[in-house]
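Colleague: I am new to this structure and would like a close look at a single part of it. Could you pick one helix, and walk me through what surrounds it?

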Amino acid sequence: MLNLNRLKKSEILWLWRHRCRHNHRYLEHLNCFIEEKPEISPLAEHVGYLDIETTGLNANWDYIISYAIIDENDKVYGRTAKRNEVLSPDILDKKLMSEFVKDINKFDRVVVYWGKDRRHDLPFLRTRCLKWHLDFPMYRDIYVTDVYDIVKAKLRLHRNRMENACEFLGIPAKEHRLDAEMWQKAKLGVKEALDYVWKHNYEDVVSLKKLHETLERFSASRKISI
């Protein structure tokens, strides 16, 4: 789905001047543009696959240890927190969130798992950005797809966790599994543990990307804002 709020004037004019198979202007038939994907188009929706790792579930008590975003070309953005950051009450995830804001604004849409509003990732990120007075994207700046909704609606599994869906579909997932001791050590700035958290985070976005690519043809792309 195109985010019209972020299009340049030249891109909007291109949509106005070119027509779909029904002989309507693409600006009038955006769904046709998305389905047809004309090769001559200068437009493309930039999609990032997002996942975070946190010290807990509540963003007023806890903070973000790591974030990762992988794009369509497998370029990865993000990092884990550094020892001096997690050991400083005045920093914690402040620098991390400042970098996150710059990275997420490179995308028109983010894909998450159990991460849209009223769930985990995006509300947690928004809360931490507000804590540090950072400019988290506003309504309709960026759209979101939550693959959990596709798994729940289109498959029939005994559990709808991402790991379970990936294993069923033969998608490699989580060599570095959740480990309470590693997360505890990461909060204390232990480098080995911080590296472990990053590997876990990276594996999640790689698996999420493959899972979405497997299932996206069974579900429409909707204009749901982060």
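Modeller: Happy to help; here is a tour of helix H5 and the parts around it.

Please keep in mind that this is a predicted model. Helix H5 covers residues 121-131, and the chain passes through it on the way from strand E4 to strand E5, in a β-α-β crossover that is right-handed. So let us start with the two strands at either end of that path.

E4 is made of residues 109-112, and it pairs with E5 in the parallel sense over four bridges. Within that pairing, Val-111 stands opposite Thr-145 of E5. E5 itself spans residues 143-146 and is covered on both faces: Tyr-143 and Thr-145 are buried on one side, and Val-144 and Asp-146 are buried on the other.

These two strands belong to an open sheet of five strands, in the order E3-E2-E1-E4-E5 and with mixed pairing. E5 and strand E3 (76-80) are the edge strands, each pairing on one side only. From one strand to the next, the twist averages 25 degrees. E4 also has E1 as a parallel partner, joined to it by three bridges. There Val-111 turns up again, this time as the bridge partner of Tyr-49.

Now to the helix. Which residues of H5 are buried? They are Asp-121, Leu-122, Pro-123, Phe-124, Leu-125, Arg-128 and Cys-129. In general, an α-helix has 3.6 residues a turn, so residues three or four places apart point the same way. What covers the buried residues of H5 includes strand E1 (47-54), strand E2 (64-71), helix H4 (94-104) and E5.

H4 deserves a closer look. Its axis and that of H5 come within 10 Å and cross at roughly 115 degrees, and the crossing is left-handed. On the H4 side the contact is made by Met-97, Phe-100 and Val-101, and on the H5 side by Leu-125, Arg-128 and Cys-129. Sorted by class, these are five nonpolar residues, no polar ones and one charged residue. Leu-125, Arg-128 and Cys-129 are also among the buried residues of H5.

H4 meets the sheet as well: it lies across E1, E2, E3 and E4, running at about 15 degrees to E2. Another helix, H9 (residues 191-215), packs on the sheet too and touches E1, E2, E3, E4 and E5. The direction of H9 makes about 145 degrees with that of E1.

Finally, follow the chain out of H5. Just after the helix comes His-133, with a positive phi of about 60 degrees. Most residues other than glycine have a negative phi, so this one is worth finding in the view. His-133 lies in the loop between H5 and E5. Is His-133 buried or exposed? His-133 counts as exposed because its relative accessible area is 73%, and the cut-off for exposed is over 50%.

For a second example, turn to Asn-23, which has a positive phi of about 65 degrees although it is not a glycine. Asn-23 is found in the loop between helix H1 (9-17) and helix H2 (30-36). Asn-23 is exposed too, with a relative accessible area of 52%. From His-133, the loop leads on to E5, the strand paired with E4, and that brings our tour of the crossover to its end.

Note on methods:
Residues numbered from 1 in each chain as written. Predicted model: local features only at pLDDT ≥ 70, side-chain atom pairs only at ≥ 80, totals over all residues. Heavy atoms only, no water. Buried < 20%, exposed > 50% of the residue type's maximum accessible area, 1.4 Å probe, protein only. Pairing = 2+ DSSP bridges. Right-handed = clockwise from strand over helix to strand, strands pointing away. Contact = heavy atoms within 4.5 Å. Axes fitted to C-alpha atoms, helices over the stretch in contact; angles between N-to-C directions. Left-handed = near helix turned anticlockwise from the far one by under 90°. Nonpolar A, V, L, I, M, F, W, Y, C, P; charged D, E, K, R; others polar.
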